[in-house]
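Dear colleague,

I am handing over the structure below, together with a short account of what was found in it. Please read the notes with the coordinates open beside you.

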Amino acid sequence: MSAKTFKYVSYNWDEAKAAELAGDEVGLLVYRSNLLGADLRLTNYGGGNTSCKAPANDPLTGQTVEVMWVKGSGGDLGTMQRNGLAALYVERLHNLRNVYRGLEHEDEMVELFNHCIYDLASKAPSIDTPLHGFLPFRHIDHLHPDAAIAIAAAKDGERITRELFGGAVGWVGWQRPGFDLGLQMLECLEENARKGIILRGIMLGSHGLFSWGDTAYESYVNTLEIIETCAEYLAENEGKSRPVFGGAKTPELSAQERHGKAAALAPVLRGLCSSRQKMIGHFSDDERVLQFINSNDLDKLAPLGTSCPDHFLRTKIAPLVLDPAKTENRDYLETAFSAYRTGYQEYYESCRRPNSPAMRDPNPVVILVPGVGMFTFAKDKTTARLAAEYYANAINVMRGAEAVSEYTALPRQEAFDIEYWLLEEAKLQRMPKPKALNGRVALVTGSAGGIGKAIARKFAEEGACVVLNDLNAERLEEAKTEFLKAFGKDAVATTLLNVTDAASIDVAMQATVLAFGGVDIVVNNAGISISQPLAEHTEENWDKLYDILVKGQFLVSQAGVKVMRKQGFGGDIVNIVSKNAVVAGPNNAGYGSAKAAQAHLTRLLAAELGPDLIRVNTVNPDAVIAGSNIWSGGWAEGRAKAYGITVEELPAYYAKRTLLNEIILPEDIANACFAFVGGLLNKSTGNALNVDGGVAMGFYR
Ligand SMILES: NC(=O)c1ccc[n+]([C@@H]2O[C@H](COP(=O)([O-])OP(=O)(O)OC[C@H]3O[C@@H](n4cnc5c(N)ncnc54)[C@H](O)[C@@H]3O)[C@@H](O)[C@H]2O)c1
Ligand SMILES: [Zn+2]
């Protein structure tokens, strides 16, 4: 079979690469897994697992035994390496059947898998281990392809599967993964064999697909063929008897209109979603999402909830659908959220078991606004983005199932048992402790510059999502590359920004709220410096200084406060002012007085924004030379000349003038900003913190 024969999945097997791995079954397993995981049509992120069984030397006896290598708990097939696998003695795994006490005691088996481990460097075996272990095939793929789940979640899924594959793909109805499901799959295989039918795969109701082969390659091609057949069948039937999702109900808006509405709404939704814990948002409005949320069937399908366990673990049982005509009405939104939370509580109460973990955050994860798009909220950006991806998978599943039959969701109790599975809870408990700024969004103006970039870096290191911005596009691009490398795409957004221009600020704020749902920390840092004697100070320079430093701080704060008020849970504004705001020196009328205005603006806004729980504070740097454009623009040379030293000697020269004899670095300013926003100074507003190595003339009194 060649690449050309596949239309709905990608065939990427490279003979040459595979030949290099010949004889290395585990290497081939990793290779195949990476190919499968790279195509999201084959499996969702983190979903599915693969295995191989091969002979290996048993270090305990020196004899050859059969070992199974299977993807361990967690991780993603697309990037999995050998260390992502668990290796287990197949015989020991089989012997566990002798001690299995039945469905009620499923969870105790997971502990026992650890006793079957062959390779001590193994990753923890996942709950899918017995699903692979009992099937007698050398290479096995278990994937969650939307096209297969669509059939697995269709009312007539079993019949469709039988007809589509002439009986060669078996069917096992919904059962949550574990020992019992493994036994049921084996029984399915044997029952078919008794009838003389040799299976090439098994469809798991409401869940996904198992397929296999004698070699890595055979398994790969068999898997691709089965998924291709499913996808082809769905495509042939789509829109045949009725339009997709019953046709459009809500008219399409232009992208610009959608984004405008989404940006206005996102901070309000973020505030409501964060009633328990601060959430980060993600917005998506791609074609697939719009087709679903604008459709006639939305009202029927959305409340049914998602089907595949992966989907609802990430998206909660069902989304919150809002009436687009009422999203500007705060009372309406509050009522809608409160109804969702009550519904979630009822679901919890009615399904809980005596030993269920406590109820988790009852707020929605997925919020659908017809005409506008899909919002997802989670404790960090990656989780929010993945929730959106999983809901898009769920949309594909509903779309396919409805094209060929009728979509069915999992029964509530089954969904609950998965969501509140003690093993899932244990996973959550193992999560690392959150960092100080997790769940927070920070916009630092002029963050392509020396001090601004250091502040943004510190915030990102402490777990915040940061919005890099600057007037200088070239410097911004450099900063972006640097941050993407250090923190990854989910932690960083970039936007051009001119702080003197309200329209540009609007665009940047829109980019911020569309990227992360809102904003928590605004640092007014953008600036320039011009030093001139009074007689020579031009009016133009005066205006420039006041525009960027004072008006800029005013406008950006105003825009930030607008978003913070919509969220309704407070926030932080930190203004990077200067020692020059406190200490008067010659040749500094414009810059120094503008800095003093910035300092007083801190106090004025602190006085006004207290009731909103928005803190406003000042950090006063002095003589931060490293990385600063302000200093490189001829100013340093001028200063050095005036003191009769070289530019290189300047930092030490300035340090000597301080009480602590310290050189001030951009990181020192960043630490001061973090001190204000990191949680320990939550009861401080209208304050100023000097970071200047100690300059007695700058003491506050
Ligand atoms: N470096 C120091 O010694 C020192 C001392 C006291 C105060 N400060 C203050 O610290 C802040 C940062 O200074 P730095 O030393 O990092 O300088 P910098 O020049 O390296 O960074 C400032 C950044 O602001 C950007 N910017 C300028 N005008 C802008 C505008 N209209 N809109 C958006 N961005 C704009 C610049 O492109 C630059 O990237 C400034 O407010 C400065 O006054 C610096
Ligand atoms: Zn699965």
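The centres of domain 1 and domain 3, taken over C-alpha atoms, are separated by 53 Å; please keep in mind that this is a predicted model. The division of the protein chain behind that value gives domain 1 as residues 3-237, domain 2 as 255-429, and domain 3 as 441-624 together with 666-694.

Turning to the metal site, the zinc ion (ligand 2) has as its protein donors the NE2 atoms of His142, His144 and His207, lying 2.1 Å from the ion. Along the chain, the donors of this zinc ion follow the spacing H-x1-H-x62-H, and both histidine 142 and histidine 144 are buried.

The other part that I looked at is an open sheet of four strands, which are arranged in the order S8-S11-S10-S9 with mixed pairing. Strand S8 (280-284) and strand S9 (320-321) stand at the edges and have a single partner strand each, so one side of each is left without a neighbour in the sheet. S9 runs parallel to strand S10 (residues 366-369), to which two bridges join it, and within S10 it is isoleucine 367 that serves as the bridge partner of leucine 320. Helix H15 (residues 381-404) packs on this sheet, where it touches S8, S10 and strand S11 (373-378), and the direction of H15 makes about 35 degrees with that of S8.

With best regards

Definitions and conventions: Residues are numbered from 1 along each chain as its sequence is written. Chains are lettered from A and ligands numbered from 1 in the order in which they are written. This is a predicted model: local features need pLDDT of at least 70, side-chain atom pairs count only at pLDDT 80 or more; totals for chains, interfaces and linings use all residues. Side-chain values use heavy atoms; hydrogens and water are left out. Two strands pair if DSSP finds at least two bridges between them. Contact means heavy atoms within 4.5 Å. Axes are lines fitted to C-alpha atoms, for helices over the stretch in contact, and angles run from 0 to 180 degrees between N-to-C directions. Donors are N, O and S atoms within 2.8 Å of the metal (3.2 Å for Na, K and Ca); water is not among the atoms, so sites may look incomplete. Buried means under 20% relative accessible area, exposed over 50%, partly exposed in between (1.4 Å probe, protein chains only). Domain bounds come from an automatic or database domain assignment.
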